[in-house]
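User: Hi! I'm new to reading protein structures, and I'd like a close look at one part of this one. Could you walk me through it step by step?

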Amino acid sequence: MPRLLKPLPLLFLTLLASSAAQALEFRAIGASPVIMYDAPSAKGGKLAVAPRGMPVEVVFTSGAWSKVRDVSGDMSWVESKDLITRRSLIVRAANAKIRATADESSPLVFSADKHVLLEMAEPAVAGWVKVKHRDGQLGFVKVNEVWGL
């Protein structure tokens with residue numbers, strides 16, 4: 001006689017499979033700084049002000065509001081209209097080396113300190129991502145040295 005799976009383990013496996021299949025959705029704060037709330041309402045508690053261009057991971061969207069995670073892992077709510085699709089990244093390393101090509105031995109273009117905001121110029125490939133500094137300098141940084149991918 002075949003053994004039947006109990007409902008809870010089957011539910012757990014289904015949830016695990018569906019969460020693994022979801023891709024991370026990153027956005028950036030738009031042209032103006034925005035208030036981050038503890039609830040999906042302007043009547044909620046104000047947690048912080050997110051600066052223009054700050055990358056966030058969209059965790060959940062409900063109506064006109066998006067629940068987001070920032071680089072430190074903190075969760076908050078922002079109005080969805082204040083998010084843009086242009087990708088930006090935050091340096092996580094103490095001193096990220098941005099190189100001319102996606103190669104450790106490539107010449108150094110510039111270095112960026114922790115928390116510096118960079119624009120993603122091209123999608124990540126083979127552990128490197130092409131970035132642009134606000135001064136216009138372009139180069140490649142290792143993906144493990146930035147957050148927002």
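In which loop does Asp82 lie? Please also tell me about its surroundings, and then about some charged pairs elsewhere.

Analyst: Happy to help! Keep in mind as we go that this is a predicted model.

Let's start with the residue you picked. Asp82 lies in the loop between strand E6, which covers 75–79, and strand E7, which covers 83–84. Is Asp82 buried or exposed? The cut-off for buried is under 20% relative accessible area. Asp82 has 19% relative accessibility, so Asp82 counts as buried.

Now look at what surrounds Asp82. Leaving aside residues up to four places away in sequence, Asp82 touches Ala28, Ile29, Gly30 and Val34. The side chain of Asp82 also has a partner beside it in the chain: a polar contact of 3.3 Å joins it to the side chain of Lys81.

Some of those touching residues lead us to another loop. Strand E1 spans 25–29 and strand E2 spans 34–37, and Ala31 has its place in the loop between them. Ala31 counts as exposed because its relative accessibility is 67%, whereas Asp82 counts as buried. Ala31 also shows how a folded chain can bring residues together: Ala31 and Arg52 are 21 residues apart in sequence, but their C-alpha atoms are 5.5 Å apart in space.

Next, the charged pairs. The structure holds six salt bridges. One of them joins the side chains of Glu25 and Arg27, at 2.8 Å from N to O. Glu25 is partly exposed, at 32% relative accessibility, and Arg27 is partly exposed too, with a relative accessible area of 25%.

Another salt bridge, at 2.6 Å from N to O, is formed by the side chains of Glu104 and Lys142. This pair links distant parts of the chain, 38 residues apart: Glu104 is in the loop between strand E9 (95–99) and strand E10 (108–113), while Lys142 is in strand E13 (residues 138–142). Glu104 is partly exposed, with a relative accessible area of 43%, and Lys142 counts as partly exposed at 29%. Glu104 and Lys142 also belong to a network of salt bridges that includes Arg99.

A further salt bridge connects the side chains of Glu122 and Lys130, at 3.6 Å from N to O. Glu122 counts as partly exposed, with 36% relative accessibility.

Finally, here is a contrast to the charges. Val59, Phe60 and Met75 make a nonpolar surface patch of about 250 Å². Phe60 sits in strand E4, residues 55–62, and is partly exposed, with a relative accessible area of 47%.

Technical notes:
Residues are numbered from 1 along each chain as its sequence is written. This is a predicted model: local features need pLDDT of at least 70, side-chain atom pairs count only at pLDDT 80 or more; totals for chains, interfaces and linings use all residues. Side-chain values use heavy atoms; hydrogens and water are left out. Helices (H or I, at least four residues) and strands (E, at least two) are DSSP runs, numbered from the N terminus. Buried means under 20% relative accessible area, exposed over 50%, partly exposed in between (1.4 Å probe, protein chains only). A polar contact is a pair of N or O atoms within 3.5 Å; within protein, one must be able to donate a hydrogen and the other to accept it, and residues adjacent in sequence count only if both atoms are side-chain atoms. Contact means heavy atoms within 4.5 Å. Patches are made of residues with over 30% relative accessible area and no salt bridge: like charges are joined within 9 Å, nonpolar side chains (Val, Leu, Ile, Met, Phe, Trp, Tyr) within 5 Å. Accessible areas come from the Shrake-Rupley method with a 1.4 Å probe; for residues, only the protein chains shown count as cover. A salt bridge is a side-chain nitrogen of Lys or Arg within 4 Å of a carboxyl oxygen of Asp or Glu.
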